[in-house]
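The following exercises concern the fold and the ligand surroundings of a single protein. Please work through each task with the structure open before reading its solution.

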Amino acid sequence: MGALIEGHWREEELPQETSARGEFARIDSAFRDRITADGSSGYPAEAGRYHLYVAWNCPWAHRVLIFLALKKLERAFSVAYAIPGLREHGWTFERNAEFPDCTPDEVNGFRFLHQAYAAASPRYTGKVTVPTLWDRKTRRIVNNESSEIIRMLNSEFKGIAGDDTDFYPAALRAEIDRINDFVYTKINNGVYRCGFAKSQEAYNAAWAIRRRRRTGGCFQPSCASTSHISRSSAATASASPTSRISAATCASSTACRASRRPSSRATT
Ligand SMILES: N[C@@H](CCC(=O)N[C@@H](CS)C(=O)NCC(=O)O)C(=O)O
C-alpha cells in the first residue's frame, strides 16, 4: 500500500496506521462533505454531476454500487472501475483485456486514483481509497467514506432516483446503527486488523475477537497461540506478514470445540 505525502505518491505505509504494538489502526476518511437535496452544503443533488471511483473487489465500494442499483441511480452517476488489487501506484484505471469489467477514468483521464486526490487537494497527506465521490463541477472530492456516501444516495436524490424507498427509516435507525457497528468492528475492519497486523501479538488479539463471534464463543486461550499457526494451510485466514492462522484448524480442534460457550446471539 502506498499513500500521498504532501501531494506526492510514496510507496510506503502511513506510520500512524500501525500502533507501537503492531496493531492496525484505521485512519478516518479525510473527505467528509455532503451532497444535499437543497444544495445547502455546496454540493446539490444533480443528475450527471458526480463521478464515482470504485473497485469491484472492494467491499466498501461494493455497498455504494449496491445502493446505486437499489435506488436506480445508475444513470445519474458516472463510474470508473479500477483494476483489482493495489498496484505500484495504488488504484489504477485503464483499459485492460484481462479485466474487461474495469474502465479507464472517462471523466478526468486519471490513470491513478492518487491523481484525483492530488488534483483536489494538492498538499494532501493520507490514504487514497475507493470508493471516492468526485464533483465534476468544482473538481473536488466530496466524500471518501462509503457509509456516508450510501446515506446521501438514500436520502438526497428524491426525484432523481428511480426508486424512493427509504433504506434508513427513522423507526429502524437505532437497530441499523447497532448492526452496522457490529459488522464494521468485527467483520469489515476485523479482517483488516488481522491482515495488516505487524506483530504476532496484534494478529492474535485481532483474530481472537473475530473467532469468538464466529464460533459462538471460543475462549480457549491456546486458540490464540502459535499452536494453530499453519504456514502451509490453504485455509489461511489472511495475509499477515508474520503469521498464517488457519480458521478451519482452530474451529475444528478438540480444545476449541470443548471450550465453546453457548451463544444466544446469531453468529456471522
Ligand atoms: N472507510 C472507508 C474505507 C475504504 C477502504 O479502506 N478501501 C480500501 C479498498 S477495500 C482501499 O482503498 N484501500 C487502499 C489503501 O488502504 O491504501 C470507506 O468505508 O469508504
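**Exercise 1. The sheet**

Determine the strand order of the open sheet and the kind of pairing in it.

Solution. In this predicted model, the open sheet consists of four strands in the order 4-3-5-6, and their pairing is mixed. Strand 4 (78–82) and strand 6 (140–143) are the edge strands, since each pairs on one side only. From one strand to the next, the twist averages 30°.

Next, consider one pair within the sheet. Strand 3 (residues 50–55) and strand 5 (residues 132–135) run antiparallel and are joined by four bridges. Among the residues involved, H51 has W134 in strand 5 as its bridge partner.

Finally, add the helix. Helix 2 (residues 113–120) lies across strand 3, strand 4, strand 5 and strand 6. Relative to strand 6, helix 2 runs at about 100°.

**Exercise 2. The ligand shell**

Identify which of the 15 residues around the ligand come nearest, and state how the residues of the shell divide by character.

Solution. The nearest of the 15 residues are M1, C58, W60, T129 and S146. The elements giving two or more residues to this shell are helix 1 (59–70) and helix 3 (146–155). By character, the shell comprises eight nonpolar, five polar and two charged residues.

**Exercise 3. The whole chain**

Describe the protein in terms of its helices and strands and its contacts.

Solution. The protein has seven helices and six strands, which follow the pattern β-β-β-α-β-α-β-β-α-α-α-α-α along the sequence. Of its 268 residues, 29% count as buried. Among contacts with a separation of 6 or more, 58% are between residues 24 or more positions apart.

How values were computed: Residues numbered from 1 in each chain as written. Predicted model: local features only at pLDDT ≥ 70, side-chain atom pairs only at ≥ 80, totals over all residues. Pairing = 2+ DSSP bridges. Axes fitted to C-alpha atoms, helices over the stretch in contact; angles between N-to-C directions. Contact = placed C-beta atoms within 7 Å. Near = placed C-beta within 6 Å. Nonpolar A, V, L, I, M, F, W, Y, C, P; charged D, E, K, R; others polar. Buried ≥ 20, exposed ≤ 12 C-beta atoms within 10 Å, placed from the backbone.
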